[in-house]
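Student: I am new to this structure. Please take a close look at one part of it, the sheet, and show me how it fits with the rest.

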Amino acid sequence: MSEYTQAHLFGRKNRKTDIFVRLSTSIGSRGSADSVRDPRGFAVKFYTKEGNYDILMLNFPIFFIRDPKFLPDLVKG
């Protein structure tokens, strides 16, 4: 990856980086039935010399927000 990025994390082979992984369920708005939609997610945090690098992934089997402006109300981290 070193030819594509200058990030210390991907600078050379066999570099050791501490990480933290969190698996979780997320919630919908008040009164919504989350068991029907079963939204899940995970987060990976890489602790590098340049700072923390976070990756967040959410899985919505059925996207249930009809207006995109309400997405920040669902995803709070």
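Tutor: Here is the sheet, set against the whole chain and its surface. Keep in mind that this is a predicted model.

Start with the whole. The protein has 77 residues. Its secondary structure comes to 2 helices and 3 strands. Along the sequence, the pattern reads β-α-β-β-α.

Now the sheet. It is open, has 3 strands in the order 1-2-3, and pairs antiparallel. Strand 1 and strand 3 (51-59) are the edge strands, and each pairs on one side only. On average, neighbouring strands of this sheet are turned by 15 degrees against each other, with direction ignored. What holds such strands side by side? Strands of a sheet pair through backbone hydrogen bonds, parallel or antiparallel.

Look closer at one pair. Strand 2 covers residues 40-48, and 9 bridges join it to strand 3. These two strands run antiparallel. Take one bridge: Phe-42 has Met-57 in strand 3 as its partner.

Next, the surface. Tyr-53 and Ile-55 help make a nonpolar surface patch of about 560 Å², along with Met-1, Tyr-4 and Phe-10. Tyr-4 is found in the segment before strand 1 (18-25). Is Tyr-4 buried or exposed? Its relative accessibility is 66%, so Tyr-4 counts as exposed; the cut-off for exposed is over 50%.

Step back to the whole protein. Of its residues, 16% count as buried. The accessible surface comes to about 6,800 Å², and 54% of that belongs to carbon and sulfur atoms. Among contacts with a separation of 6 or more, 33% come from residues 24 or more positions apart.

Definitions and conventions. Residues are numbered from 1 along each chain as its sequence is written. This is a predicted model: local features need pLDDT of at least 70, side-chain atom pairs count only at pLDDT 80 or more; totals for chains, interfaces and linings use all residues. Side-chain values use heavy atoms; hydrogens and water are left out. Patches are made of residues with over 30% relative accessible area and no salt bridge: like charges are joined within 9 Å, nonpolar side chains (Val, Leu, Ile, Met, Phe, Trp, Tyr) within 5 Å. Accessible areas come from the Shrake-Rupley method with a 1.4 Å probe; for residues, only the protein chains shown count as cover. A salt bridge is a side-chain nitrogen of Lys or Arg within 4 Å of a carboxyl oxygen of Asp or Glu. Helices (H or I, at least four residues) and strands (E, at least two) are DSSP runs, numbered from the N terminus. Buried means under 20% relative accessible area, exposed over 50%, partly exposed in between (1.4 Å probe, protein chains only). Contact means heavy atoms within 4.5 Å. Two strands pair if DSSP finds at least two bridges between them. Axes are lines fitted to C-alpha atoms, for helices over the stretch in contact, and angles run from 0 to 180 degrees between N-to-C directions.
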